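Here are my notes on the model you sent. They start with one charged pair and then move to the chain as a whole.

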Amino acid sequence: MPPHDVPRWEDIDPNDIDYEARDENPTGHERTLRSLRSQIDSTEAILRRYLRELGVSTSGDLARVSIPTHVQYRDPFAFDRARRAHTAQSNLRSRRQYFCQVYAEHRRRKQKTETSNSG
């Protein structure tokens, strides 16, 4: 799927997605989306904890929060915490990107099925 067809994470409301296919129109992506949503939620919780341990503000998008260099050298364990936080941010970005790709395919199949059902 071309990148311009994939919605951005900020444009998707994960709470509006029908993860259970209650509309009797499953696309086959519901379980994947539900699993990815769970992974994203747990990664965000872990990242919040790491950032809180470092004393970094968690306001805004967690995947883009900047960790100041001086914080990494504050104590012997801060560097490891910062490394884990950077890894969690990378994981969060990649999971969100994959979620967006699967969601785009899910939405495309929904529209295709609805069009064929209405015709």
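How many residues apart in helix 1 are D41 and R37?

1. The model is a predicted one. In it, D41 and R37 are 4 residues apart in helix 1 (residues 30-54), so about one helical turn separates them. Their side chains meet in a salt bridge, at 3.6 Å from N to O. D41 has 37% relative accessibility and counts as partly exposed.

2. Helix 3 (residues 78-118) holds a pair with a spacing of 3 residues, D80 and R83, again about one turn of the helix. The closest N and O atoms of this salt bridge are 2.3 Å apart. Both partners count as partly exposed: D80 has a relative accessibility of 31%, and R83 has 45%.

3. E105 and R109 are also in helix 3, and because they are 4 residues apart, about one helical turn lies between them. They form a salt bridge in which the closest N and O atoms are 3.2 Å apart. Here the two partners fall into separate classes. E105, at 18% relative accessibility, counts as buried because the cut-off for buried is under 20%. R109 is partly exposed, with a relative accessible area of 36%.

4. Salt bridges also link E44, D61, R64 and R96 in a network. The structure holds 14 salt bridges.

5. On charge overall, the protein chain carries 21 positive and 18 negative side chains. The centres of these two sets lie 6 Å apart.

6. The secondary structure consists of 3 helices and 0 strands, and along the sequence the pattern reads α-α-α.

7. What is the radius of gyration of the protein chain, and what would a compact globule of 119 residues have? The chain has 18 Å, whereas such a globule would be near 14 Å. The C-alpha trace spans about 65 × 25 × 20 Å along its principal axes.

8. Of the contacts with a separation of 6 or more, 67% are between residues 24 or more positions apart. Buried residues account for 38% of the 119 residues.

9. The accessible surface of the protein chain is about 7,700 Å². Carbon and sulfur atoms make up 47% of that surface.

How values were computed. Residues numbered from 1 in each chain as written. Predicted model: local features only at pLDDT ≥ 70, side-chain atom pairs only at ≥ 80, totals over all residues. Heavy atoms only, no water. Helix = DSSP H or I, 4+ residues; strand = E, 2+ residues; numbered from the N terminus. Rg over C-alpha atoms; globule rule 2.2 N^0.38 Å. Buried < 20%, exposed > 50% of the residue type's maximum accessible area, 1.4 Å probe, protein only. Contact = heavy atoms within 4.5 Å. Areas by Shrake-Rupley, 256 points an atom, 1.4 Å probe, with all protein chains shown as cover. Lys, Arg positive; Asp, Glu negative; His and termini not counted. Charge placed at Lys NZ, Arg CZ, Asp CG, Glu CD. Salt bridge = Lys/Arg side-chain N within 4 Å of Asp/Glu carboxyl O.
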